Amino acid sequence: MTDQLVLKVEDLKVYFPVKKGLLKRTVGHVKAVDGVSFEIKQGETFGLVGESGCGKTTIGKAIVHLEPAFAGKIYYKEQEITNLSEAEMRPYRATTQMIFQDPYSSLNPRMTVANIIAEPIRFHRPDADVTAEITAYLEMAGLRKECMLRYPHEFSGGQRQRIGIARALACRPEIIIADEPVSALDVSIQSQIINLLKRLQRELGLSYLFIAHDLSVVKHISDRIGVMYLGCLMEVATTKELYNNPLHPYTQALFASVPIPDPRKRSAKVPLQGEIPSPLNVPPGCKFQTRCPYATELCRDRVPQLEQVGDGHLVACHHWNNLHKK
Ligand SMILES: Nc1ncnc2c1ncn2[C@@H]1O[C@H](COP(=O)(O)OP(=O)(O)O)[C@@H](O)[C@H]1O
Ligand SMILES: [Mg+2]
């Protein structure tokens, strides 16, 4: 890892209008991402965790301009790219690539693997030796060159994810946004893909935004982790610090929900209770107050800000200090 920032997200908000009636009038907004800030250094992996629907994918999509930012700023290195037009974005397009949970839906089923990987090569480097590059990227992703003439449906889930990775690599990116890349895979295959991503990071100096819905997956790849709830970051810390000293009640509940094989290591903390509120009807004050065992009047009144409570450890909770002492 170096000290150079490759990605900076500042107070990012992504809202989806909710339309009703014949006139399709906007009657409200789903605040999918509601003021999120974080940075990623060159060669670093920032893990993003939180229950389904908390806005993780939307953050990734906003960074690669698949969704417009409602407010806030996105920087690639020193360049602000938040509202760049399609043409202005062109020099930055290749730098950040997104890979998805279900590569099958992001790989064109009617294209051979060779063509899937050739597409970005031809687009970004028209003069390249396409066949040589396809072979090289397949190999980097751990696939044999015999795969070239086959179609995505002929592969297993893990191999399809490798095709998605090879396609992303063909753009020669600096940042990869991996959106739950192993969530749909068998546990044994998960670690193979994680190890592949780690090796590629070492060899190519890639930076990752690694998205997952539970803490067990991000642990093995992240340098730092951000915990999200209903569009907001609740806690950010290095992986080691977050595992040793989780301060936010939501993070603690997430840990309590992770299945741990050794019963002696099981935490005494309460696992998550109740349903996640609808993002259309977010509770006032702290968004977690309706499910938090420690919520008080203050939590129902005032939104806690993400504050620095230790070296690189940030938490958004009015009571983190009291809980910690208990
Ligand atoms: N295109 C869209 N239009 C309207 N609402 C959306 C759209 N995409 C996502 N949402 C909503 O935004 C919230 C966050 O979604 P998402 O980013 O996919 O969450 P996650 O990836 O954490 O599961 C959810 O409530 C989801 O229903
Ligand atoms: Mg998602």
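At what angle do helix α4 and helix α5 pack, and how far apart are their axes? I will come to that pair straight away, since it is a good way into this structure. Please keep in mind that this is a predicted model.

Helix α4 covers residues 113-124, and helix α5 covers residues 130-140. They pack at an angle of about 115°, and their axes are 9 Å apart. That angle makes α4 roughly perpendicular to α5. The crossing of the two helices is right-handed. For anyone new to this, two packed helices are described by the angle between their axes and the distance between the axes.

Next, the residues that make the contact. From α4 we have V113, A114, I117, A118, I121 and R122, and from α5 we have V130, E133, I134, Y137 and L138. Sorted by class, nine of the contact residues are nonpolar, none is polar and two are charged. As background, an α-helix has 3.6 residues a turn, so residues three or four places apart point the same way. You can keep that in mind when you look at the numbering on your screen.

Helix α4 has a second partner to discuss. Helix α6, residues 157-169, packs with α4 at an angle of about 25°, with the axes 8 Å apart. The two helices are therefore roughly parallel to each other, because angles under 35 degrees count that way. This crossing, too, is listed with its hand: α4 passes α6 in a right-handed crossing.

Which residues of α4 and α6 meet? On the α4 side they are V113, I116, I117, E119 and P120, and on the α6 side I163, A166 and R167. The classes here are six nonpolar, no polar and two charged residues. Note that V113 and I117 appear in the contact with α5 and in the contact with α6.

Now the whole protein. How many helices and strands does it have? There are twelve helices and twelve strands. The C-alpha trace spans about 65 × 55 × 40 Å along its principal axes. For 326 residues, a compact globule would have a radius of gyration near 20 Å, and the protein has 21 Å, which agrees. Of those 326 residues, 48% count as buried. Then there is the matter of how contacts run along the chain. Take contacts between residues at least 6 apart in sequence: 63% of them join residues at least 24 apart.

Here is one such pair in space. D179 sits in strand β7. How far apart are the C-alpha atoms of D179 and I99? They are separated by 6.0 Å, although the two residues are 80 residues apart along the chain. Leaving aside neighbours within four places in sequence, D179 is in contact with T57, M98, I99, F100, Q101 and I211. D179 counts as buried, at 5% relative accessibility.

Just past D179 comes E180, in the loop between β7 (175-179) and α7. Its phi is near 50°, a positive value in a residue other than glycine. Is E180 buried or exposed? E180 is buried, with a relative accessible area of 10%.

K77 has a positive phi as well, about 50°, and is not a glycine. K77 lies in the loop between β4 (71-76) and β5 (79-80). With a relative accessible area of 25%, K77 is partly exposed.

Staying with lysines, K19 is in strand β1, residues 5-20. K19 counts as partly exposed at 45% relative accessibility. Its C-alpha atom is 8.7 Å from that of H29, ten residues away along the chain. Apart from neighbours within four places in sequence, K19 is in contact with K24, R25 and T26.

Two more helices before I stop. Helix α7, residues 187-204, holds Q190. Q190 has 17% relative accessibility, so it counts as buried. Not counting residues up to four places away in sequence, Q190 touches V182, S183, L185 and V217.

Last is helix α10, residues 249-257, which is mostly covered. How many of its nine residues are buried? Seven of the nine are buried, namely P249, Y250, T251, Q252, A253, L254 and F255.

Methods. Residues numbered from 1 in each chain as written. Chains lettered and ligands numbered in written order. Predicted model: local features only at pLDDT ≥ 70, side-chain atom pairs only at ≥ 80, totals over all residues. Heavy atoms only, no water. Axes fitted to C-alpha atoms, helices over the stretch in contact; angles between N-to-C directions. Helix = DSSP H or I, 4+ residues; strand = E, 2+ residues; numbered from the N terminus. Parallel < 35°, antiparallel > 145°, perpendicular 65-115°, else oblique. Left-handed = near helix turned anticlockwise from the far one by under 90°. Contact = heavy atoms within 4.5 Å. Nonpolar A, V, L, I, M, F, W, Y, C, P; charged D, E, K, R; others polar. Rg over C-alpha atoms; globule rule 2.2 N^0.38 Å. Buried < 20%, exposed > 50% of the residue type's maximum accessible area, 1.4 Å probe, protein only.
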